[in-house]
Amino acid sequence: MKWEGRRRSSNVEDRRGQRVGGSGGGFSPMLIGPLLRLLFSKTGLIIVGIIIAISVVTGTNPLTFLGNFMGGGGSQGFTTETNYTPSAEEDRLAAFSEVILADTEDVWNQLLDNYREPTLVLFSGQVSSACGMASSATGPFYCPGDEKLYIDLSFFKEMEVKLNAPGDFAQAYVIAHEVGHHIQKISGITAEMDKIRGQVSEKEYNQFSVKLELQADFLAGVWANHSQKSAGWMEKGDLAEALNAANAIGDDRLQKQATGRVTPDSFTHGTSAQRMKWFKKGFETGDINQGDTFNTNSL
């Protein structure tokens, strides 16, 4: 891809090097002042006495209870800075990701009325989102609660080494897929998925999840179509890189590699063939109206 020198998105939060403390025992130093004021009040002495008693019985660190009482707990946790120095290659990947995000903004602002641009969060190790805590092992994900895409850039290395899916356009496909989930959020599809959760069996919900993921693959293909028309930055082999990446992260292939067997009822993202098919359909048509995976008998 000819991406160097192109516009980089400003909708980026760089949280690399931040360590996150969750609700499982984390205590923020910022709470020390308020806690001291609480300790020296009459009400505070009573509350602290109760908390210490509970801590003795449960074996839980009393600072955890104090922190949660003062607002330091919850799924968001707190962050502290570390002496993190990204490598030159990682900074290059960060710049690349910002360029790809910027291009998705250009394309979707053209195709959709009142498009609401998502934010890309770069993190290392672990991160706190409106959807809860996540680690690098989660892989790239989109959180509808805060409309942000999250990615640890080390995932791109894993794609190359562990999944045998190298290439910059393969990496672009990953980002465009998560942006596809954002489009589903702002168009109301994610809300419809939330409604049926708990109303159907796990097997049935998995089938809906597959349709959701395949539609995000299709939307990534639509982006690639319009991006190429406007920017002309794809090079020979780029499309093959994206299709290879889609193939590498199919449920059937990943299950086969992990366990040696395949369980279709547990699929949540689609087979390798399905993922390649829908990305390719989006790329070949460029027509957002042809991606209704929920109302088709053949995925």
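**Exercise 1. For the salt bridge between Glu90 and Arg16, determine whether each partner is buried or exposed, and state which parts of the chain the pair ties together.**

*Solution.* In this predicted model, Glu90 is buried, and Arg16 is buried as well. Their side chains meet in a salt bridge with an N to O distance of 3.2 Å, which satisfies the cut-off of 4 Å. Turning to location, Glu90 belongs to helix α4, whereas Arg16 sits in the loop between β1 and β2 (18–21), so the pair ties together parts that are 74 residues apart in sequence.

**Exercise 2. Place Glu98 and Arg8 in the chain, and classify each of them by its relative accessible area.**

*Solution.* The starting point is the pairing itself: Glu98 and Arg8 form a salt bridge in which the closest N and O atoms are 2.8 Å apart. Glu98 is part of helix α4 (residues 88–111), while Arg8 lies in the segment before β1 (12–14), and the pair therefore ties together parts that are 90 residues apart in sequence. For the classification, Glu98 has a relative accessible area of 13% and is buried because this value is under 20%. Arg8, at 46% relative accessibility, counts as partly exposed, because the value falls between 20% and 50%.

**Exercise 3. Analyse the salt bridge between Lys185 and Glu147, and then state which residues are joined into one network by salt bridges that share partners.**

*Solution.* The side chains of Lys185 and Glu147 meet at 3.1 Å, N to O. This pair links distant parts of the chain, with Lys185 in helix α6 (residues 168–186) and Glu147 in the loop between β7 (141–143) and β8 (148–152), 38 residues apart. Lys185 has a relative accessible area of 25% and is partly exposed, whereas Glu147, at 16% relative accessibility, counts as buried. As for the network, Asp14, Arg16, Glu90 and Asp91 are joined into one by salt bridges that share partners. A search of the whole structure finds 16 salt bridges.

**Exercise 4. Describe the surroundings of Gln255, beginning with the element in which this residue is found.**

*Solution.* Gln255 is found in helix α10, which covers residues 251–259. With a relative accessible area of 18%, Gln255 counts as buried, because the value is under 20%. The side chain of Gln255 makes a polar contact with the side chain of Ser266 at 2.7 Å. Once neighbours within four places in sequence are left aside, Gln255 is in contact with Gly260, Arg261, Val262, Thr263, Ser266 and Phe267, so that Ser266 appears both in this list and as the polar partner.

**Exercise 5. Work out how strands β5 and β6 are arranged relative to each other, and name the bridge partner of Gln126.**

*Solution.* Strand β5 spans residues 126–129 and strand β6 spans residues 132–135, and the two pair in the antiparallel sense over four bridges. Within this pairing, Gln126 has Ser135 in β6 as its bridge partner. Two residues stand between the strands, which together form a hairpin.

**Exercise 6. Summarise the chain in terms of secondary structure, burial, contacts and accessible area.**

*Solution.* The secondary structure comes to 11 helices and eight strands. Of the 299 residues in the chain, 46% are buried. Among contacts with a separation of 6 or more, 73% are between residues 24 or more positions apart. Finally, the chain exposes about 15000 Å², of which carbon and sulfur atoms supply 53%.

Notes: Residues are numbered from 1 along each chain as its sequence is written. This is a predicted model: local features need pLDDT of at least 70, side-chain atom pairs count only at pLDDT 80 or more; totals for chains, interfaces and linings use all residues. Side-chain values use heavy atoms; hydrogens and water are left out. Two strands pair if DSSP finds at least two bridges between them. Buried means under 20% relative accessible area, exposed over 50%, partly exposed in between (1.4 Å probe, protein chains only). A polar contact is a pair of N or O atoms within 3.5 Å; within protein, one must be able to donate a hydrogen and the other to accept it, and residues adjacent in sequence count only if both atoms are side-chain atoms. Contact means heavy atoms within 4.5 Å. Accessible areas come from the Shrake-Rupley method with a 1.4 Å probe; for residues, only the protein chains shown count as cover.
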